Amino acid sequence: MLKMEGISYSYHKNRPVITDLDLEIEAGKITAIAGPNGCGKSTVLKLASRLLKPQTGEIFIGEKNISHMSKRAVAREVSMLFQNSQIPDMTAQRVVMAARYPYQSSFAGYTKEEEEMSECAMELTGCKEFRHKNMAELSGGERQRVFLSMIYNQDTPLILLDEPTTYLDIHVTYEIMELIRNLNKNRKKTIVMVLHDLNLALQYSDSLVLMNHGSIYNIHTPDDDRILESIKSLFGIEVRNFRDNQNSFYCFAQN
Ligand SMILES: Nc1ncnc2c1ncn2[C@@H]1O[C@H](COP(=O)(O)OP(=O)(O)OP(=O)(O)O)[C@@H](O)[C@H]1O
């Protein structure tokens, strides 16, 4: 689905942030990316959404090389939820509707079908009750629902999420993670999400990509016991694991 080949990127000359990175994301799966602060996770997502252009290497979504596609065409293939998104000065409903822009011709308004899609996106993500509120008036959790509603409405096969649960309480965190799972299971979306919470990553992903210093450090399936060794060597902390009745894998830091 997403293939990144030989990618290098520097924000400043001679200070590479991503170096010769190869990454292949399987269609229909949820992939979590984790790694130390500053190792380049957000940069990888920005490159995959073509917000940034790599200095070397190629990026493909399906068979299409994104450097040969228009911005609108890319926005029909990939949507992204940013870390610390700016708060737009508009109502929640207008934010959700704006997600249809890649499909619109310049002067046409929204079609009946698009209005219905937006309604459905707001219904599914529980945004309807505050749809007429300005984004600045919403809580962090409500705002994140609106951004997810936007993602539902953009309706792209590939979805990139940069720390979708930061600043959210544990209840809202799990609600948001269930919405993400719903996008994958019921709408067949391919999802790549950056998560610092390794337990959430293990619970909700099919594959865990660990990054370090702008490269891939290791890739594990969530049931792989070798995750402990990778985490220990990558983050420099002792961890132990635990499996519950469903055989889900959790890691705990040890003092
Ligand atoms: N706009 C920018 N201009 C210059 N340097 C940047 C910019 N954005 C990121 N960087 C630098 O690039 C490196 C990688 O940043 P990035 O945000 O991709 O890391 P990250 O792994 O997502 O970090 P975190 O876990 O802290 O969110 C860091 O050293 C950061 O300071």
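**Entry 1: S1 and S2**

I began with strands S1 and S2, which run antiparallel and are joined by seven bridges. This is a predicted model, and I kept that in mind throughout. I then picked one residue, tyrosine 9, and looked for its bridge partner in S2, which turned out to be isoleucine 18. A reminder I wrote in the margin: strands of a sheet pair through backbone hydrogen bonds, either parallel or antiparallel.

**Entry 2: the loop between them**

Next I followed the chain into the loop between S1 and S2, where I found asparagine 14. Is asparagine 14 buried or exposed? I noted it as exposed, because 5 other C-beta atoms lie within 10 Å, and a residue counts as exposed with 12 or fewer. I also checked asparagine 14 against threonine 43: they are 29 residues apart along the chain, and their C-alpha atoms are separated by 16 Å.

**Entry 3: S1 and S4**

Back to S1, which covers residues 2–12. I saw that S1 also pairs with strand S4, residues 56–61, in the antiparallel sense over five bridges. Which residue of S4 is the bridge partner of methionine 4? I found isoleucine 59 there.

**Entry 4: S4 and S5**

From S4 I moved on to strand S5, residues 64–65. These two strands run antiparallel, with two bridges joining them. In S5, I found asparagine 65 as the bridge partner of phenylalanine 60. The hairpin of S4 and S5 has two residues between the strands, and in this hairpin I noted glycine 62, which takes a positive phi near 60°.

**Entry 5: the whole sheet**

Time to put the strands together. I wrote down an open sheet of four strands in the order S2-S1-S4-S5, with antiparallel pairing. Which strands are at the edges? They are S2 (15–25) and S5, as each pairs on one side only. Another margin reminder: in a regular strand the side chains alternate between the two faces of the sheet.

**Entry 6: the helix**

Then I looked up helix H1, residues 41–48. I found H1 lying across S1, S2 and S4, and running at about 115° to S1.

**Entry 7: around the ligand**

Last, I listed residues around the ligand, among them Tyr11, Val17, Asn37, Cys39, Lys41, Ser42 and Thr43. Gly35, Gly38 and Gly40 are on the list too. Which element gives the most to this shell? It is H1, with three residues. I sorted the shell by character and got three nonpolar, six polar and one charged residue.

Notes. Residues are numbered from 1 along each chain as its sequence is written. This is a predicted model: local features need pLDDT of at least 70, side-chain atom pairs count only at pLDDT 80 or more; totals for chains, interfaces and linings use all residues. Two strands pair if DSSP finds at least two bridges between them. Two residues are in contact if their C-beta atoms, placed from the backbone, lie within 7 Å. Axes are lines fitted to C-alpha atoms, for helices over the stretch in contact, and angles run from 0 to 180 degrees between N-to-C directions. A residue is near a molecule or strand if its C-beta atom, placed from the backbone, lies within 6 Å of it. Ala, Val, Leu, Ile, Met, Phe, Trp, Tyr, Cys and Pro count as nonpolar, Asp, Glu, Lys and Arg as charged, and the others, Gly among them, as polar. A residue is buried if 20 or more other C-beta atoms lie within 10 Å of its own, exposed if 12 or fewer, and partly exposed in between; C-beta atoms are placed from the backbone.
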